[in-house]
Amino acid sequence: MTSRIDLHTHSTASDGTLRPAELMRAAATAGLDVVAITDHDTTDGWEPALRALPTGLRLVRGAELSCRWDGEQPPVPLHLLAYLFDPTDPELVAELTRVRAARLARGERTVDLLRADGVDVHWPEILALAGGGTVGRPHIAQALIRAGLVATTTEAFGPDWLGQRYRLPKEDIDVFRAVRLIRAAGGVPVFAHPRASRRGRIVPDELIAELATAGLVGLEADHEDHSPRERAHVRGLAAELGLLVTGSSDFHGSHKAVRLGAFTTGVDAYERIVAASSGVTEVASG
């Protein structure tokens, strides 16, 4: 049975640096048995990933949804991983389309702010870096690096740049609505890196309990942005709430140092995800 399972990766369909086909080949080279493609708010990478699926590799089709919790002001941003949902579900399609359009407008406004302060970045360059995928702050970060204004993506996301000074609010999906939409589309929602305090604000355990009641299926525990203590906390909370636990690389290619398969999901959790879905199936090649 499969043993190396990475359920959180990104391609050029959003803010990764490998094309979907390249991502599939890299997953096979990394020794993975199962890989999920989970680009931000889009399923555009699904078909090219399927066409390029190497023999022996299983593909889980998914997306990472940009969500928010309104229990604090300003709202807390968070991400849900949605696995094996129907990509033609009308309500979910409409919401993802809205989020992508808002992300595009936000990116262009961010570039306008940078240029107003004399920063030499250009919107057509950002669009070219996105390569037709969902535009995100990592693409603006790459433009800042190219301009010699910062040395790394981490520096670009610091307070002097995209982390605070030039950070604009997003038009994200209410997290309870997102859970409902994913489940209605036959998908399986898993909370991505829920305790990653190094990323910023985190939500209280009470919210996660409410989301579990609303249909949340799992929590991503093993992730590069979780400390050992945070991973243990997530595992304990999942056990308390009856949620499954995943581990994933959140691979973005050269935008991040983490390797494919750096963190993995257990077979039991993977099988529970497949069993709980009714949107699309996992796919195996050969």
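Helices, here H or I runs of at least four residues in DSSP, are numbered from the N terminus. The model examined is a predicted one, and its two largest pockets are described in turn, beginning with the second largest.

The second largest pocket encloses about 190 Å³ of space. Its lining consists of T12, G16, T17, R19, L129, A130, G131, H139, Q142, R146 and H255. Two elements, α4 (123-130) and α5, each give two or more residues to this lining. The top contributor is α5, which supplies three residues. Polar residues number seven in the lining of the second largest pocket, alongside two nonpolar and two charged residues.

The largest pocket has a volume of about 1,500 Å³. It is lined by 48 residues, of which H79, R137, F157, R167 and R199 lie closest to the pocket centre. At least two lining residues come from each of the strands β3 (58-69) and β4 (76-83) and from each of the helices α3 (90-116), α5 (137-146) and α6 (153-156). The largest share belongs to β4, with four residues. In terms of residue class, the lining of the largest pocket comprises 17 nonpolar, 17 charged and 14 polar residues.

Helix α5 thus appears in both descriptions: this helix is among the elements that supply at least two residues to the lining of the largest pocket, and α5 gives the most to the lining of the second largest pocket.

Terms used
Residues are numbered from 1 along each chain as its sequence is written. This is a predicted model: local features need pLDDT of at least 70, side-chain atom pairs count only at pLDDT 80 or more; totals for chains, interfaces and linings use all residues. Side-chain values use heavy atoms; hydrogens and water are left out. On a 1 Å grid over the protein atoms alone, a cavity is a set of points where a 1.4 Å probe fits but cannot get out, and a pocket is an open set with protein on both sides within 12 Å along at least five of seven lines; lining residues have an atom within 4 Å of a point. Grid points are joined across faces, edges and corners, and a volume is the space filled by probe spheres set on the points. Ala, Val, Leu, Ile, Met, Phe, Trp, Tyr, Cys and Pro count as nonpolar, Asp, Glu, Lys and Arg as charged, and the others, Gly among them, as polar.
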